[in-house]
Amino acid sequence: MENFTTPDLFDDHRNSVQVADSGLRHFGKKTTFSGQAVTVTCPEDNSFAADVLHQDGKGKVLVIDGFASKRFAFIGDIMAERALQNGWEGVVINGCCRDIEILATMDLPVMAIGSTPRSTLKRGFGDQDQVINMLGTAIAPNDWLYGDVNGLIISKAPLFNKFV
């Protein structure tokens, strides 16, 4: 269990962190998470995100840039299960997710701007390790993310280290 709240982190580090504007909703059963960002861009195609979730995710949060699309879901129950199996700390989506009734039972924090039943196309489009601009922030690879029911904080340096 994480032992922080984003309001407390903001109060302690207000001059060195970014705060995502309101707009992200929680879809996983677990709602508090932290870790280093791994970024993928997914232009209506979640192929890159699916591939990355096959990697070891200990200490990492996958940030999927769906360019705020509400047309497609960039993660569902199968990808969430893969994330759990590989130890990912959470997933943040600048876009939608699906299978939300199943995500709600899983111990994977998932924050997204909405939900839709439509899956993405699978064309192999996208990129990894790009800066993602979303909700008034710029999330770079290896930034530190801290999320809870209040929102999402982004920091260039760790605000604490739970992995030591």
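Ser47 has its place in helix α2, and this residue makes a convenient starting point for a walk through the model, which is a predicted one. With a relative accessible area of 15%, Ser47 is buried. Its side chain meets that of Asp45 in a polar contact of 2.5 Å. Looking beyond the neighbours within four places in sequence, Ser47 is in contact with Lys122, Arg123 and Gly124.

Helix α2 also leads to the nonpolar interior. In general, nonpolar side chains tend to be buried together in soluble globular proteins. Here the largest nonpolar core holds 25 residues, and the members that touch the most other members are Leu62, Ile64, Ile75, Ile93, Cys97 and Val110. Two or more residues of this core come from each of the elements β3 (33-41), α2 (47-52), β4 (60-65), α3 (77-85), β5 (90-94) and β7 (110-112). Apart from this core lies another, of 15 residues, which includes Val92, Ile113, Leu145 and Ile154.

Which residues does Val110 contact, once its neighbours within four places in sequence are left aside? The list runs through Arg25, His26, Phe27 and Gly28, then Ile75, Val91 and Ile93, and ends with Cys97 and Leu103. Among these partners, Ile75, Ile93 and Cys97 appear with Val110 in the group that touches the most other members of the largest core.

The cysteines deserve a look of their own. How many disulfides does the model contain? The count comes to zero. Cys42 is in no disulfide, and the nearest cysteine sulfur, which belongs to Cys96, is 13 Å away. Cys42 is buried, its relative accessible area being 0%. For Cys96, the closest cysteine sulfur is that of Cys97, at 7.0 Å, which is too far for a bond, because the two sulfur atoms of a disulfide must lie within 2.5 Å. Cys96 is buried as well, with a relative accessible area of 2%.

Aromatic rings come next. A search of the whole structure finds three aromatic pairs. In one of them, the rings of Phe4 and Tyr146 have centres 5.8 Å apart and planes at 90°, so this pair is edge-to-face. The two partners belong to distant parts of the chain: Phe4 is in the segment before α1 (6-13), Tyr146 is in strand β12 (residues 144-148), and 142 residues separate them. Both of these residues, Phe4 and Tyr146, are buried. Phe4 also pairs with Phe160, the ring centres being 5.4 Å apart and the planes at 45°, so this second arrangement is tilted. Again distant parts of the chain are linked, since Phe160 is in the segment after β13 (151-155), 156 residues from Phe4. Is Phe4 buried or exposed? Phe4 is buried, with a relative accessible area of 11%, while Phe160 is partly exposed, at 25%. Through these ring pairs, Phe4, Tyr146 and Phe160 form a cluster. A ring takes part in another kind of arrangement too: Arg118 lies over the face of Phe72, at 5.7 Å from the ring centre.

Two residues bring the description to exposed positions. Gly136 sits in the loop between β10 (132-134) and β11 (137-139) and counts as exposed, at 68% relative accessibility. Although Gly136 and Val19 are 117 residues apart in sequence, their C-alpha atoms are 7.9 Å apart in space. Leaving aside neighbours within four places in sequence, Gly136 is in contact with Gln18 and Asp21. Asn133, in strand β10, is exposed too, with a relative accessible area of 56%. Its contacts, again without the neighbours within four places in sequence, are Asp65, Asn94 and Ala138. From Asn133 to Leu159 the chain covers 26 residues, and the C-alpha atoms of the two are separated by 21 Å.

The backbone offers a last detail. Where does Asp99 lie? Asp99 is found in the loop between β6 (96-97) and α4 (100-103), and its phi is near 55°, a positive value in a residue other than glycine. Asp99 is partly exposed, with a relative accessible area of 21%. Asn142 likewise has a positive phi, of about 75°, although it is not a glycine. This residue, Asn142, lies in the loop between β11 and β12 and is partly exposed, with a relative accessible area of 48%.

Key: Residues are numbered from 1 along each chain as its sequence is written. This is a predicted model: local features need pLDDT of at least 70, side-chain atom pairs count only at pLDDT 80 or more; totals for chains, interfaces and linings use all residues. Side-chain values use heavy atoms; hydrogens and water are left out. Buried means under 20% relative accessible area, exposed over 50%, partly exposed in between (1.4 Å probe, protein chains only). A nonpolar core is a set of buried Ala, Val, Leu, Ile, Met, Phe, Trp, Tyr and Cys residues joined through side-chain atoms within 4.5 Å. Helices (H or I, at least four residues) and strands (E, at least two) are DSSP runs, numbered from the N terminus. Contact means heavy atoms within 4.5 Å. Rings of Phe, Tyr and Trp (its six-membered ring) pair if their centres lie within 6.5 Å; planes under 30 degrees apart count as stacked, over 60 as edge-to-face and the rest as tilted. A charge sits over a ring if NZ of Lys or CZ of Arg is within 6 Å of the ring centre and within 35 degrees of the ring normal. A polar contact is a pair of N or O atoms within 3.5 Å; within protein, one must be able to donate a hydrogen and the other to accept it, and residues adjacent in sequence count only if both atoms are side-chain atoms.
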